[in-house]
Amino acid sequence: MPPKPSPPRLTHFLAIPLTTPTSRPQLHQALSLFKEKTTQPNIASLPDGIPDQAIRPLGTLHLTLGVMSLSTPEKVQGVLDLLNSLNLREVLAGVQPANIRAGDGNFLKEGGDFDPVVKENVNANIKDKGKSLSLSISLSSSSSEGQQKDANPPPIHITLRGLQSMHDPSKTSVLYTSPLDPDLRLYRFCVKLREVFGEFLVGETRPLLLHATVVNTVYVKGRTGLGGSRGRGRGGREAGGRGRLVLDARELVREWEDFVWMRDVRVERVAVLRMGAKVVEMPK
């Protein structure tokens, strides 16, 4: 049997950056409070708190829409050409809000048929208890000259609320917050962008989960397992001390379930970023 081909090396990702002039004060205050509360030994399941390095910096917060393997100059140039030609207002104008049946919260397609995939993908985002590779493309600058102001589609605003675990919260390495999206307009906008960039995105079988990572222990370097069989400390290493640091975040998820990280912030731009959330520099 021939060996399985190696997966492509991921180099970039398509994203909606969440740090804007409007959101920066809100996110700064929220992240500062979160860090103050969670890096201290005040949670029973995390006696020593979360390591500072695991909490993502303000400027890296984003919604990931897809990943790319731009392994050749031709692929990079292809994305640049697409970014240069993309009109985000036209994309947004083609996105309609979902209809919702009164009383049961089920989402309908435009023709009235129930859309189970959409419902599955966004339930986590509705908990009421989602142009830059070498340049930026923004909703304020991508309209055609002479476009009538009253023809512009209404903007999409994002509110980030709650804290969830990417894995079993008793043994997790990633915590995130999700955008509220009651009419699915944000979700459908993101799906449309994935279609536009489809030829450059690496195939993904999992449904799109709009989320902004707040904690990721992959950035904690050189920490040995402190939890282990004692069940104490900041967490433990998987596989007998090797691999990523894991945390027992059950109490943390409950405590921050209704926390609002930012409220009513307009989506301003779409970006293609290098892995590591750094903007690729414009070629000279």
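**Strand 1, helix 1 and their surroundings**

Reader: How many bridges join strand 1 to strand 12, and which way do the two run?

Author: Four bridges link strand 1 to strand 12 (residues 269–274), and the two run antiparallel. Strands here are DSSP runs of E with at least two residues, helices are runs of H or I with at least four residues, and both are numbered from the N terminus. Two strands count as paired if DSSP finds at least two bridges between them.

Reader: What am I looking at, and how is it numbered?

Author: This is a predicted model, where local features need pLDDT of at least 70 and side-chain atom pairs count only at pLDDT 80 or more, while totals for chains, interfaces and linings use all residues. Residues are numbered from 1 along each chain as its sequence is written, and side-chain values use heavy atoms, leaving out hydrogens and water.

Reader: Back to strand 1. Which residue is the bridge partner of Phe13 in strand 12?

Author: Leu273 is the partner of Phe13. Strand 1 also pairs with strand 2 (residues 62–68), antiparallel, over six bridges. There, Leu14 has Gly66 as its bridge partner.

Reader: How many residues of strand 1 are buried?

Author: Six of the six residues in strand 1 (residues 12–17) are buried, so the strand is largely enclosed by the rest of the structure. Buried means under 20% relative accessible area, exposed means over 50%, and partly exposed is in between (1.4 Å probe, protein chains only). Both faces are covered: His12, Leu14 and Ile16 are buried on one side, and Phe13, Ala15 and Pro17 on the other.

Reader: What about the loop after it? Is Thr20 buried or exposed?

Author: Thr20 is in the loop between strand 1 and helix 1. With a relative accessible area of 7%, Thr20 counts as buried. Thr20 contacts Val265 and Glu268, leaving aside neighbours within four places in sequence. Contact means heavy atoms within 4.5 Å.

Reader: On to helix 1. Which residues are buried in helix 1?

Author: Ser23, Leu27, Ala30, Leu31, Phe34 and Thr38. Down the axis of helix 1, these buried residues fall within an arc of 95 degrees, so they line one face of the helix. The arc is taken over the directions from the helix axis to the C-beta atoms. On the other side, Pro25, Gln29 and Glu36 are exposed.

Reader: What covers the buried residues of helix 1?

Author: The cover includes strand 6, strand 8, helix 7 (250–255) and strand 11. Helix 1 (residues 23–38) lies across strand 6 (157–165), strand 8 and strand 11, at about 170 degrees to strand 11. Angles run from 0 to 180 degrees between N-to-C directions, with axes fitted to C-alpha atoms, for helices over the stretch in contact.

Reader: What span should helix 1 have?

Author: Its 16 residues should span 22 Å at 1.5 Å a residue, and the end C-alpha atoms are 22 Å apart, which agrees. The expected span is 1.5 Å times one less than the number of residues.

Reader: Those strands under it. What is the strand order in the open sheet of four?

Author: The order is 8-7-6-11, with antiparallel pairing. Strand 8 (212–216) and strand 11 (260–266) are the edge strands, each pairing on one side only. The twist averages 25 degrees from one strand to the next. Strand 7 (residues 174–179) pairs with strand 8 over four bridges, and Leu175 stands opposite Val215 in strand 8.

Reader: Now the core. Which residues have the most contacts inside the largest nonpolar core?

Author: Phe34 and Phe189, in a core of 58 residues. Helix 5 gives the largest share of this core, five residues. A nonpolar core is a set of buried Ala, Val, Leu, Ile, Met, Phe, Trp, Tyr and Cys residues joined through side-chain atoms within 4.5 Å.

Reader: What does Phe34 touch?

Author: Ile50, Ile55, Leu163, Val214, Val215, Leu252, Trp256 and Trp261, not counting residues up to four places away in sequence.

Reader: And helix 5? Which of its residues are buried?

Author: Arg185, Leu186, Tyr187, Arg188, Phe189, Cys190 and Leu193. Helix 5 covers residues 185–196.

Reader: Any odd backbone angles? Where is Leu184, and what is its phi?

Author: Leu184 is in the loop between strand 7 and helix 5. Its phi is positive, about 65 degrees, although Leu184 is not a glycine. At 0% relative accessibility, Leu184 counts as buried. Asp264 in strand 11 also has a positive phi, near 55 degrees.
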